[in-house]
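Biologist: Please give a close account of the interior of this protein, from its packed side chains to any enclosed space.

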Amino acid sequence: MKIDVLLGLQWGDEGKGKIVDVLAPKYDIVTRFQGGPNAGHTLEFSGKKFVLHTIPSGIFTDGAINIIGNGVVLDPKIFKDEIEVINAQNPELKNCLKIAKRANLILPTHRILDAANEAAKGKSKIGSTLKGIGPTYTDKISRNGLRIGDILLPNFKEKFDALTQRHLREIASLGFTDFSLEEFTKGWFEGIECLKQFEFIDSEMYVNEKLQENKSVLAEGAQGTMLDIDFGTYPFVTSSNTICAGACTGMGVAPQKIGEVFGIFKAYCTRVGAGPYPTELFDETGDKLCQLGHEFGATTGRRRRTGWLDLVQLKYSCMINGVTQLICTKGDVLNDFDTIKACVKYTINGKETMSMPFDASEEAKPIYKEFKGWKCDISNCKKESDLPKELMDYIKFIEEFVGVPVKMISVGPDREATIMR
């Protein structure tokens, strides 16, 4: 068996949680492979709404094993809060959720460091979610981090204290004083006790063994391709590899084990935080996209920046990830537009190009192709033949432009509002 990978192709918030929830019944195992509680994967079904930050989105699928992989960074307090919400819906949670021993822990001082670093950047801040993600990955790379497996060691508290003191020295050097460590620490250790109720596994061994047993695995990515630490709009990116290759290092599987690559994109674009965004709209149309799409961050509550679909960026993301199937979400948000636009080229320094700019300071001006809007409500469509011609013309152009078929179209937030092609 091979592992199928599902990931976002834009700047996050593409609807990954919903699509994992839709696909999960076809899989024995669902695993998160990178990121942390900076993610906010929203699931809606049976009149209920859940926002998952760390736990894989297959957690409500009967019989599925869910794994928090080694590439994830985990905040024990946020994990505990999430568990308490989910427990009411899934009483078998302890039996179906496993955690990689090699996943790194987010300490209370990681969050404070995050805030201190952002404050030090001033106007050049990147727009961090302030969840401690960057400092945790920094400690991982510098070989100073604490991992899930360390919780079971007799000197865990000593390791925690030593790393905390290291962080406090860094925070002091930045002149940052606006924090209360005690406020974070009590809840953090309560989260550690919650974590101990779950099975810690060598996830690389577990996943590979299950593949040999012909078990099916879906790997769930967080954030989006354009936030990848290597190939995103650096330095306005996250601290992990959000692309398909990150699934290999985030779970401990070989590249030839990757099967289908599901790439999710919105019918338009959004972005949270600072950084380049060529198709961003600053007019009434941008405001309308925001309001109709309820474009406010599931994790931060911040208003998302909105704009038209960027096909230059989408084609780049498909190339980087080796996408085999596209999934279009939020087409229903565009129901009321007379004209819909999509960027097909950039102008950079007076020259037309199909290449992504290297430097975030390079201004890429979009060149648009216009499409006739469908001017009808598609949220009640149940099959492909119900969808308006104008929407299908839009979808067909996207497929031809990026060279990948659109196999699924989401027409609403509920898991039932999904059309398979």
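Modeller: The account below takes the nonpolar cores, then the enclosed space, and then a strand and a pocket.

The model is predicted, with local features requiring pLDDT of at least 70 and side-chain atom pairs pLDDT 80 or more, while totals for chains, interfaces and linings use all residues. Residues are numbered from 1 along each chain as its sequence is written, and side-chain values use heavy atoms, without hydrogens or water.

The largest nonpolar core comprises 64 residues (buried Ala, Val, Leu, Ile, Met, Phe, Trp, Tyr and Cys joined through side-chain atoms within 4.5 Å; buried is under 20% relative accessible area, 1.4 Å probe, protein chains only). Ile 3, Val 5, Leu 326, Leu 334, Leu 387 and Tyr 394 have the most contacts inside this core. Helix α12 (residues 389-402) supplies its largest share, seven residues (helices are DSSP H or I runs of at least four residues, strands E runs of at least two, numbered from the N terminus). Beyond its neighbours within four places in sequence, Leu 326 is in contact (heavy atoms within 4.5 Å) with Val 402, Val 404, Pro 405, Val 406, Lys 407 and Met 408, and also with Leu 9, Gly 263, Phe 265 and Cys 318. Another core, of 32 residues, lies apart from the largest one and includes Leu 74, Ile 83, Ile 86 and Trp 188.

Trp 188 also belongs to the lining of the largest cavity, together with Asp 75, Lys 77, Ile 106, Leu 107, Pro 108, Arg 111 and Phe 184 (a cavity is a set of points on a 1 Å grid where a 1.4 Å probe fits but cannot get out, and lining residues have an atom within 4 Å of a point). Helices α4 (108-121) and α7 (181-195) each give two or more residues to this lining. The structure holds one cavity of 30 Å³ or more, and the volume of the largest is about 50 Å³ (the space filled by probe spheres set on the points). Five of the lining residues are nonpolar and three are charged, with no polar ones (Asp, Glu, Lys and Arg count as charged; Ala, Val, Leu, Ile, Met, Phe, Trp, Tyr, Cys and Pro as nonpolar; the others as polar).

Elsewhere, every residue of strand β2 (residues 29-32) is buried: Ile 29 and Thr 31 point one way, whereas Val 30 and Arg 32 point the other. Strand β2 runs parallel to strand β5 (residues 65-68), joined by four bridges, with Asn 66 as the partner of Val 30. Four bridges also pair β2 in the parallel sense with strand β10 (residues 217-220), where Ala 219 is the partner of Thr 31 (strands pair if DSSP finds at least two bridges between them).

Finally, the second largest pocket (an open set with protein on both sides within 12 Å along at least five of seven lines) has a volume of about 430 Å³. Of its 23 lining residues, Thr 233, Pro 357, Phe 358, Asp 359 and Ala 360 lie nearest its centre. The lining has 16 nonpolar, two polar and five charged residues.

How values were computed:
Buried < 20%, exposed > 50% of the residue type's maximum accessible area, 1.4 Å probe, protein only.
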